[in-house]
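Subject: Handover of a structure and the findings from it

Dear colleague,

Please find below the structure that I am handing over to you. My account of what was found in it follows directly after.

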Amino acid sequence: MNILFFLTPKAEVVSVCDKDNLKQVLETLEQHKFSSVPIVNEYGNYLGTVKEGDLLWYLNDKKSFDGNLLENTNIMDIPRRLTNETVKVDANVVDLFHILISQNFVPVIDDANIFIGIIKRRDVISYAHKRLKEEEMQEESSKEMFDL
């Protein structure tokens, strides 16, 4: 199965720009009720994923929630504690599943590191659930046929 079956294209993905400041990123997270978002530059390159925890640890370290700090801190200056793994468009599903065990979404990039979109853990699990239900129904149907 091709991983692109699960792809949410970049046009539908909320992301932040590498030029955004801390305040803008916090507003984006709050507005969309997300706990993490991809960071993309003006050329469309995937640069990483920023998480709420990264922002909270940074603010805790600075001992401030001052407006000047929020507006004058570029998102790329925030240390990220974990690096989200990416997959290339030609990755196999087994590699994708392995990554989704520890990430809510997997950024998908092409060979030039251009951000294509994301694959959400929820979408993959929903698909697997649907397929298991279908198999279960087929097994029950087969049993009923043999019981006649």
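Two strands are taken to pair if DSSP finds at least two bridges between them. Please bear in mind throughout that this is a predicted model.

The sheet

Four strands form an open sheet in the order β1-β7-β6-β5, and their pairing is mixed. At its edges stand β1 (7-9) and β5, each of which pairs on one side only. As general background, the strands of a sheet pair through backbone hydrogen bonds, in either a parallel or an antiparallel manner.

Strand β6 has β5 and β7 as its partners. Strand β5 (residues 87-88) runs parallel to β6 and is joined to it by 2 bridges. In these, Val87 has Val108 of β6 as its bridge partner, while Lys88 has Ile109. Strand β7 (residues 115-120) runs antiparallel to β6, and 5 bridges join the two. Here Ile109 stands opposite Phe115 of β7. Ile109 therefore appears in both pairings, with Lys88 in β5 and with Phe115 in β7. The hairpin of β6 and β7 has 5 residues between the strands, and in this hairpin Asn113 takes a positive phi near 65°.

How many residues of strand β6 are buried? The count is 5 of the 5 (residues 105-109), so the strand is largely enclosed by the rest of the structure. In a regular strand, side chains alternate between the two faces of the sheet. In β6, Phe105, Pro107 and Ile109 point one way, whereas Val106 and Val108 point the other way, and all are buried.

The annotated domain and a helix pair

The UniProt annotation "domain: CBS", from an unreviewed entry, covers residues 7-65. The C-alpha atoms at the ends of residues 7-65 lie 36 Å apart, and this span is 37% helix and 27% strand.

Helix α1 (22-32) packs with helix α2 (residues 52-62) at an angle of about 140°, their axes being 11 Å apart. Oblique angles stop at 145 degrees, above which a pair counts as roughly antiparallel; α1 and α2 are therefore oblique to each other. Their crossing is left-handed.

Salt bridges

Side chains of opposite charge can pair when their charged atoms come close. The count of salt bridges in this model comes to 6, including the three described here.

The side chains of Glu42 and Lys19 meet in a salt bridge at 3.9 Å, N to O. This pair links distant parts of the chain, 23 residues apart: Glu42 belongs to the loop between β3 (36-40) and β4 (46-51), and Lys19 to the loop between β2 (16-17) and α1. Both Glu42 and Lys19 are exposed.

A salt bridge also joins the side chains of Asp123 and Lys120, at 4.0 Å, N to O. Are these residues buried, or exposed in part? Buried would require under 20% relative accessible area. Asp123 has 27% and is therefore partly exposed, and Lys120, at 23%, counts as partly exposed for this reason too.

Lys133 and Glu136 form a salt bridge through their side chains at 3.9 Å, N to O. Both lie in helix α5 (residues 121-147), 3 residues apart, which is about one turn of the helix. Lys133 is partly exposed, with a relative accessible area of 41%, and Glu136 is likewise partly exposed, at 40%.

With kind regards

Conventions. Residues are numbered from 1 along each chain as its sequence is written. This is a predicted model: local features need pLDDT of at least 70, side-chain atom pairs count only at pLDDT 80 or more; totals for chains, interfaces and linings use all residues. Side-chain values use heavy atoms; hydrogens and water are left out. UniProt positions are given in the numbering used here, feature names are shortened, and annotations may be inferred rather than shown by experiment. Buried means under 20% relative accessible area, exposed over 50%, partly exposed in between (1.4 Å probe, protein chains only). Axes are lines fitted to C-alpha atoms, for helices over the stretch in contact, and angles run from 0 to 180 degrees between N-to-C directions. Angles under 35 degrees count as roughly parallel, over 145 as roughly antiparallel, 65 to 115 as roughly perpendicular and the rest as oblique. A crossing is left-handed if the near helix is turned anticlockwise from the far one by less than a right angle, and right-handed if clockwise.
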